[in-house]
Amino acid sequence: MAVQSWQKSSFSGDTANCIYVSAVADTVVRIRESDSPDTILTTTPDALRAFLCGVRAGEFDHLTT
């Protein structure tokens, strides 16, 4: 497997709970969490964009109560 370049989320700051993102070509986005770096979520840019739009729109707020 090719070496991936991971980018740390700017919202993670200096805390231990960090989210990292890696783009593979233009068709794959990989996401991992610093506490479990071997667990990698793989998605497409379109699916990630739809998810983030849903989060911003409050579509998942009912899951936090």
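This is a short walk through one protein structure, from its overall plan down to a few single residues.

Keep in mind from the start that the model is predicted. The protein has 65 residues, and buried residues make up 17% of them. Its C-alpha atoms fill a box of roughly 40 × 30 × 20 Å, taken along the principal axes. Within that box you will find 1 helix and 4 strands. If you follow the chain along the sequence, these elements come in the pattern β-β-β-β-α. You can also ask how contacts link distant parts of the sequence: among contacts between residues at least 6 apart, 9% join residues at least 24 apart.

Let us begin with the strands. They make an open sheet of 4 strands in the order 1-2-3-4, and the pairing is antiparallel. The edges of this sheet are strand 1 (7-8) and strand 4, each of which pairs on one side only. As general background, strands of a sheet pair through backbone hydrogen bonds, either parallel or antiparallel.

At the strand 1 edge, 2 bridges join strand 1 to strand 2 (residues 19-24), and the two run antiparallel. To see this pairing for yourself, find Lys 8 and look across to Tyr 20 in strand 2, its bridge partner.

Moving on from strand 2, the chain passes through a loop on its way to strand 3, and Ala 25 lies in that loop. This residue deserves a pause. Most residues other than glycine have a negative phi. Ala 25, however, has a positive phi of about 55° although it is not a glycine. Is Ala 25 buried or exposed? Its relative accessibility is 63%, so it counts as exposed, the cut-off being over 50%.

Next comes the other edge of the sheet. Strand 3 (residues 28-33) and strand 4 (residues 36-43) pair in the antiparallel sense over 5 bridges. Together strand 3 and strand 4 form a hairpin, with 2 residues between them. A handy marker here is Arg 30, which stands opposite Thr 42 in strand 4.

Right beside Thr 42 in the numbering is Thr 43, also found in strand 4. Thr 43 counts as buried because its relative accessibility is 19%, and buried means under 20%. What does Thr 43 touch, leaving aside its neighbours within four places in sequence? Its contacts are Thr 27, Val 28, Val 29 and Leu 48.

After the strands comes helix 1 (residues 45-56), which holds both Arg 49 and Asp 46, 3 residues apart, or about one turn of the helix. The side chains of Arg 49 and Asp 46 meet in a salt bridge, with 2.7 Å from N to O. How many salt bridges are there in the count? The count comes to 1 salt bridge. As for surroundings, Asp 46 is exposed, with a relative accessible area of 56%, while Arg 49 counts as partly exposed at 47%.

Finally, look for the largest pocket, which holds about 160 Å³ of space. Its lining is made by Ser 9, Phe 11, Ile 19, Val 21 and Ile 31. Sorted by class, that lining has 4 nonpolar residues, 1 polar residue and no charged residues.

Definitions and conventions
Residues are numbered from 1 along each chain as its sequence is written. This is a predicted model: local features need pLDDT of at least 70, side-chain atom pairs count only at pLDDT 80 or more; totals for chains, interfaces and linings use all residues. Side-chain values use heavy atoms; hydrogens and water are left out. On a 1 Å grid over the protein atoms alone, a cavity is a set of points where a 1.4 Å probe fits but cannot get out, and a pocket is an open set with protein on both sides within 12 Å along at least five of seven lines; lining residues have an atom within 4 Å of a point. Grid points are joined across faces, edges and corners, and a volume is the space filled by probe spheres set on the points. Ala, Val, Leu, Ile, Met, Phe, Trp, Tyr, Cys and Pro count as nonpolar, Asp, Glu, Lys and Arg as charged, and the others, Gly among them, as polar. Two strands pair if DSSP finds at least two bridges between them. A salt bridge is a side-chain nitrogen of Lys or Arg within 4 Å of a carboxyl oxygen of Asp or Glu. Buried means under 20% relative accessible area, exposed over 50%, partly exposed in between (1.4 Å probe, protein chains only). Contact means heavy atoms within 4.5 Å.
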